[in-house]
Amino acid sequence: MKTSIITSKPYSMFVLLLVLLASIYLPIRQSKWNQLDVIKWDASGYYLYLPAFFIYKDIGHLKFYDAIDQKYLLASGEIKQYGLYPQSTTGKILNKYAIGVALAELPLFILADVYCKYINPIYECDGYSLPYQMAVAYSTGFWTLIGTLFLLLFLIKIFKDKIAALAVLLIVFGTNLFCYSYSNLGMSHSLMFMLHAALLYYTYQWYQKPKIAFALAIGLLLGWISIARPIDIVAALIVICWPMALATNVYKNRLNLWKQHIASILWSIIVFIGMLAIQLLYWKYITGHFIHFSYQDEGFNFLKPELFNGLFSFRKGWFIYTPLAFIALSGIFFLKNELKAFRWILICYFVLFIYIVFSWWMWYYGWGFGARAMIDSYAILAIALGALLNYITAQKRLFQFFSFSVLLFVLWLNLYQTKQFEMGAIQGDHMNRKFYFRVWNKLHPSPEDWKYYNP
């Protein structure tokens, strides 16, 4: 990966440095890790593999968990053994959360563990003391930074530097990715943003130069995606249907390209299976079966997806709390020249992904800011956003002024509403239209405002 390409692109370099500063500073201003409040709820489930395996050497029975739960209140004291299911057949305890996020948190977890053991033993080496909380917090922003790098490297291949940089700036700071990178820490979404951005970059590289190294990267990324958030394997559609207009000039027929580089593809599949095996072996050890639906009585209702609520509801609607997404999707119809081949690929991808996401039994995905499950698609959404920005910059000045004013407004709105979410003015669940408009310009709702909130 030639990162030197970025240094020759001043706008992209500026955005990368801006995200770097955000990734360093914004987690510091969060009091969550200082209050030992990062590793909670879903974040605690994603993370649990690391202390269980490396510290307590007990990934099967989790005998240490109750004492840790009592001390750190991993589910705020309301639910004991959150996300854990005892298995009657094996006597072990199943963690319902996939293992992929823990792999992403491993590097900083090791640093925190070394720090507690050998540098500053004042902190307990229990996997949950302050250094471990900081490790999880900074892992979240770190993957957004790496995702920004990959997305810029990809977008500058198909757009001008200014367009690529602006698209990434809007994606990072103008969507709820910002909230899940620097505020609501320890979740999977910044990692998924990075994995999808890297997948776009290496898919472009492989179709340009079908090297085994690029194929291995694609297999690793698709495997990692599968063991972090399994429904995101829909991204494989992008790899398989990649526009041949962006492929090397030697090959314009997809099947011929695949046939002549079958070894490369097979190696990619092997790596994919290798990554998938990490999760399958865990399930086998815990449940006795390689394939197991770990969410027990939760699941999808594909016959009655909550599409309207998922997109437009004031409770958690994607387009309500992330209006940039609605604007960006329109860019699909402004894809031009060789990028026009992306049109039907993106339409099929987003129709399928939206359908799957909002078929989940809890379409609003619990407490959080906006439609957080859609964050995983934002790297792919950046293609459409780039096309829209391309179109805008080619129009007359008055149209440009109006368009960029709207984009600036939705960017500001996202940052402001993230602050509202942090302050509790925007609640993580049970929002409604009346309460939304009562508080949309307030950080501290009045007692009269709260009358319109009905949890």
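**Exercise 1. Identify the residues of the nonpolar surface patch, and decide whether Tyr 118 is buried or exposed.**

Ile 110, Val 114, Tyr 115, Tyr 118 and Ile 119 make up a nonpolar patch on the surface, and together they offer about 520 Å² of accessible area. The model is a predicted one. To place one member of the patch, note that Tyr 118 belongs to helix 6, which covers residues 100–119. Since exposed means over 50% relative accessible area, Tyr 118, at 67% relative accessibility, counts as exposed.

**Exercise 2. Describe the largest nonpolar core and the surroundings of Leu 346.**

The largest nonpolar core holds 164 residues, and those with the most contacts inside it are Leu 155, Trp 318 and Leu 346. Its largest share, 16 residues, is supplied by helix 7 (residues 130–158). Turning to Leu 346, and not counting residues up to four places away in sequence, one finds that it touches Ile 238, Ile 332, Leu 335, Ile 380, Ile 383 and Ala 384.

**Exercise 3. Establish how many disulfides the structure has, and explain why Cys 116 is not bonded to Cys 125.**

A search of the whole structure finds 0 disulfides. A disulfide requires two cysteine sulfur atoms within 2.5 Å; the closest cysteine sulfur to that of Cys 116 is in Cys 125, at 4.9 Å, and is therefore too far for a bond. Cys 348 is likewise in no disulfide, the nearest cysteine sulfur being that of Cys 241, 7.5 Å away. As to accessibility, Cys 116 counts as buried at 1%, whereas Cys 348 counts as partly exposed at 41%.

Technical notes:
Residues numbered from 1 in each chain as written. Predicted model: local features only at pLDDT ≥ 70, side-chain atom pairs only at ≥ 80, totals over all residues. Heavy atoms only, no water. Patch = residues over 30% accessible without salt bridge, like charges linked within 9 Å, V, L, I, M, F, W, Y side chains within 5 Å. Areas by Shrake-Rupley, 256 points an atom, 1.4 Å probe, with all protein chains shown as cover. Salt bridge = Lys/Arg side-chain N within 4 Å of Asp/Glu carboxyl O. Helix = DSSP H or I, 4+ residues; strand = E, 2+ residues; numbered from the N terminus. Buried < 20%, exposed > 50% of the residue type's maximum accessible area, 1.4 Å probe, protein only. Core = buried A, V, L, I, M, F, W, Y, C linked by side-chain atoms within 4.5 Å. Contact = heavy atoms within 4.5 Å.
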